Amino acid sequence: MSVIEELKKSGIQNVKKVFHNLDYDELYNHEIQNHEGCVTDSGCVSVDTGIFTGRSPKDKYFVDQPPSNKYIAWGDINHPISKEVFDKLFEKAKKELSGKELYVQDAFCGASDNSKKSIRVIAEIAWQAHFVKNMFIRPTKDELENFKPDFTLYVASKVTNDEWKEQGLNSEVFVVFNVEENIAVIGGTWYGGEIKKGVFSMMNYWLPLEGKLGMHCSANVGKDDDVALFFGLSGTGKTTLSTDPNRALIGDDEHGWDDEGVFNFEGGCYAKVIDLDPSSEPEIYAAIKRDALLENVVVDENGHVDYADKSKTENTRVSYPIYHIENHCSTLQAGHPKNIIFLTADAFGVLPPVSKLTKEQAMYYFLSGYTAKVAGTERGITEPVATFSSCFGEPFLPLHPTVYAKLLGKKIDEHKVNVYLVNTGWSGGAYGVGKRMSIKATRNCINAILDGSINDSEFETMPVFNLSIPKSLKGVDNNILNPRNTWADKKKYDETRDKLASMFVKNFKKYITKESDFSKYGPKI
């Protein structure tokens, strides 16, 4: 069956033409001919995503039906929707896509042959097909000949749902999943990240049911095959810190962990470029060239990008195929990790730049997932806001967080993994008073973890949080290692520390059960 016939069978009518699996040059030509963006002086295309420059988490829904409804953790993250409403939204999307020239892009999600899923994305905008080609794993010519999608995503960015109030939804935007039919539909938003995170959410549904762990983390591997994982929400440094000239990049954001080791879900990277500086992030800067795709940056009439300009959003982005990073892992997979690093952007300026965790503390901080939502990443977030996001990725977890935590704890035990908490946030005061930790200082903390030299340090215990922090590290000012030393007002620091500790304690109560209680490994007030 041809792609046009499949589209017609799904309910999309009178398709004028299908541009199926275009190569990069063809996509570039379509983007220019359709006036979808402009060409920058680096040779790549820059596009705008309209009024939505971040995800819309309150507009994400799963159809409430068996058998998936007994696995999904319903609540503030995963909202239920009836099959009837889903069908109406799907009809709106199909009507929008009918009678158009459509772009269909096929790809794989997951580098592991035992775990990968075949993904098909249908859109009416060329740059969205380009985004899919960048972000997912590009099949070979032979693989495309027999390609059959396990999951199909319909992107109808131009649709407007004017019935949202009657349907009990949050807004005119919708991102809806029908697990049983292996379909997702995006309506009303142009933001590329919805495509990426939609597929990620589904991988986080499928894998744990097979005993495999889905992870919101970046990963790299050293010359001695030592693998490191970097967990953290957007803006905490996953992409920047895992992109290392001395270590091969496995991936910058989404991975799985099975019996063979770690594998990337994606075939590309999606990096924040606000204030991008070639001296501090040379690999990412060099990756912005032909075939990369910039989003929401400010470009002048000569095609020059001003990366410091936040007038559109602080969530400016670039997607690019992973091979734009010179030192990348060509197989997109490696063995079991030696080190796990939890990244947090502490907006209170309380946590140390690096601390070593016991296995029990690792479980506590993984479930807590403390960080800050960074400006622009989600609608309505205009400045950093302290938050707790289970497993450092709760918005993308269809199952209960303890499902992922138990899998992680089991693997830490099996493979004797070292775990660290690294604060890339504020030092010397809270947000608005203190300063953001320098990339150089954080990089040196990471280097000490990866080369093992951190274990040569003398450690001290941080009061209240009971974190084990080094007194000295090569290339790091000793004064910043203990955060209290960086505050001019020590009494104010103690008050702020205790306030944050209380937030941890209050948040963690929901994870205490008769079978499992890691609360004693968190802060003590």
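Here a colleague asks a modeller about this predicted model.

Colleague: How many helices and strands are there in the chain?
Modeller: Let's start with the overall make-up. Helices come to 13 in the chain. For strands, the number is 30.

Colleague: What radius of gyration does the chain have, set against a compact globule?
Modeller: The chain has 525 residues, and a compact globule with that many would come out near 24 Å. The chain agrees with that, because its own radius of gyration is 23 Å.

Colleague: Which share of the residues in the chain is buried?
Modeller: A residue counts as buried when its relative accessible area is under 20%. Of the 525 residues in the chain, the buried ones make up 61%.

Colleague: Where does P67 lie, and which peptide bond there is cis?
Modeller: P67 sits in the loop between β4 (60-63) and β5 (79-81). With omega near 0 degrees, the cis bond is the one from P66 to P67.

Colleague: Is D225 buried or exposed?
Modeller: D225 is in the loop between β11 (213-221) and β12 (227-231). D225 isn't a glycine, yet has a positive phi of about 65 degrees. Exposed means over 50%. D225 has 60% relative accessibility, so it counts as exposed.

Colleague: And D291, is that one buried or exposed?
Modeller: You'll find D291 in the loop between α8 (282-287) and β17 (293-295). Its phi is positive too, about 90 degrees, although D291 is not a glycine. The relative accessibility of D291 is 17%, so D291 counts as buried.

Conventions
Residues are numbered from 1 along each chain as its sequence is written. This is a predicted model: local features need pLDDT of at least 70, side-chain atom pairs count only at pLDDT 80 or more; totals for chains, interfaces and linings use all residues. Side-chain values use heavy atoms; hydrogens and water are left out. Helices (H or I, at least four residues) and strands (E, at least two) are DSSP runs, numbered from the N terminus. The radius of gyration is taken over C-alpha atoms; the globule rule is 2.2 Å times the number of residues to the power 0.38. Buried means under 20% relative accessible area, exposed over 50%, partly exposed in between (1.4 Å probe, protein chains only).
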